[in-house]
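Student: I should like a close look at a single part of this model, set within the chain as a whole. Please give one connected account.

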Amino acid sequence: MDNVESGDALVEAKKQLKRERNKKYRGTHREKVLASKREYDSRAEIKERKKKYREENKEHLSQWKKDWYQRNKESVLKRVKKRAAETTERRKEYLKEYFGRPEAKKLKRQQGNRYRQINQIQIKARRLAYKALKDGEIQKKTCEECGKEKVEMHHPDYSKPLQVRWLCKRHHMIADGTIPLT
Ligand SMILES: [Zn+2]
């Protein structure tokens, strides 16, 4: 406990020291500080000029980029592939390590049970809804969001099997949270 406290105090003291030193530096090196500010401003100016240039030469630059890509395609693709392979390998290693732990195994089992449970409820709700559709208790509609004809059934609440929303594949996935809202 003592260690933590004195550690924090030390950090704070160091910060304070730095602040004082900076202040003193600004006082004694006024010219230098101003010069560095000027340099910063001129850099910002250059940045602005570059940006303007890019905007004015958009087409030319995009053509140049395309040409560059064509010229360097092979090495770019090679690099991308290599990086992807490395990432896959790292992920594999991580998953192997992660799921090898006993607590992860237990969790996986539990999740598996939970998933099966949800799945059962889902299947049941869907079966009831399709039966209701066949019996004319509910009617098929176009996508609620975009009006597309090809629709799927979406259950916002599986405990209410006959309350369905009709959504196209895309809006169904958005409603399920499979893909983000765009
Ligand atoms: Zn839709």
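Tutor: Read from the N terminus, the elements of this predicted model follow the order α-α-α-α-β-β-α. The protein chain thus holds five helices and two strands. Its radius of gyration is 31 Å, well over the 16 Å that the globule rule gives for 182 residues, so the chain is more spread out than a compact globule. The C-alpha trace extends over about 90 × 65 × 35 Å along its principal axes. Buried residues make up 4% of the 182 residues. Among contacts with a separation of 6 or more, 35% join residues 24 or more positions apart.

The part chosen for the close look is helix 4, which covers residues 102–134. Helix 4 comprises 33 residues, and the distance from its first C-alpha to its last is 48 Å, close to the 48 Å expected at 1.5 Å a residue. Its covering is slight: of the 33 residues, two are buried. A residue needs 20 or more other C-beta atoms within 10 Å to be called buried, whereas 12 or fewer make it exposed. Asn 119, a residue of helix 4, illustrates the exposed class, because it has 10 C-beta neighbours inside 10 Å. In general, an α-helix has 3.6 residues a turn, so residues three or four places apart point the same way. After helix 4 comes Gly 136, with a positive phi near 80°.

Helix 2 offers a parallel case. This helix runs over residues 30–56, and its 27 residues should span 39 Å at 1.5 Å a residue; the end C-alpha atoms are 39 Å apart, which agrees. The number of buried residues in helix 2 is zero, so this helix lies largely in the open. Glu 31 belongs to helix 2 and is exposed, with 8 other C-beta atoms within 10 Å.

Distances between individual residues place these parts in space. From Glu 31 to Ile 123 the C-alpha separation is 76 Å, and the two are 92 residues apart in sequence. Asn 119 and Glu 39, which are 80 residues apart along the chain, have C-alpha atoms separated by 64 Å.

The strands add a further point of reference. Between strand 1 (152–154) and strand 2 runs a loop that contains Asp 157. Asp 157 counts as exposed because it has 9 C-beta neighbours inside 10 Å. Its C-alpha lies 47 Å from that of Arg 79, and the two residues are 78 apart in sequence.

Confidence should be read alongside this account. The mean pLDDT of the protein chain is 88, and 95% of the residues score at least 70. By element, the lowest confidence belongs to helix 1 (residues 2–28), with a mean of 78, and the highest to strand 2 (residues 165–167), at 96.

Technical notes
Residues are numbered from 1 along each chain as its sequence is written. This is a predicted model: local features need pLDDT of at least 70, side-chain atom pairs count only at pLDDT 80 or more; totals for chains, interfaces and linings use all residues. Helices (H or I, at least four residues) and strands (E, at least two) are DSSP runs, numbered from the N terminus. The radius of gyration is taken over C-alpha atoms; the globule rule is 2.2 Å times the number of residues to the power 0.38. Two residues are in contact if their C-beta atoms, placed from the backbone, lie within 7 Å. The expected span of a helix is 1.5 Å times one less than its number of residues. pLDDT is the predictor's confidence in each residue, from 0 to 100.
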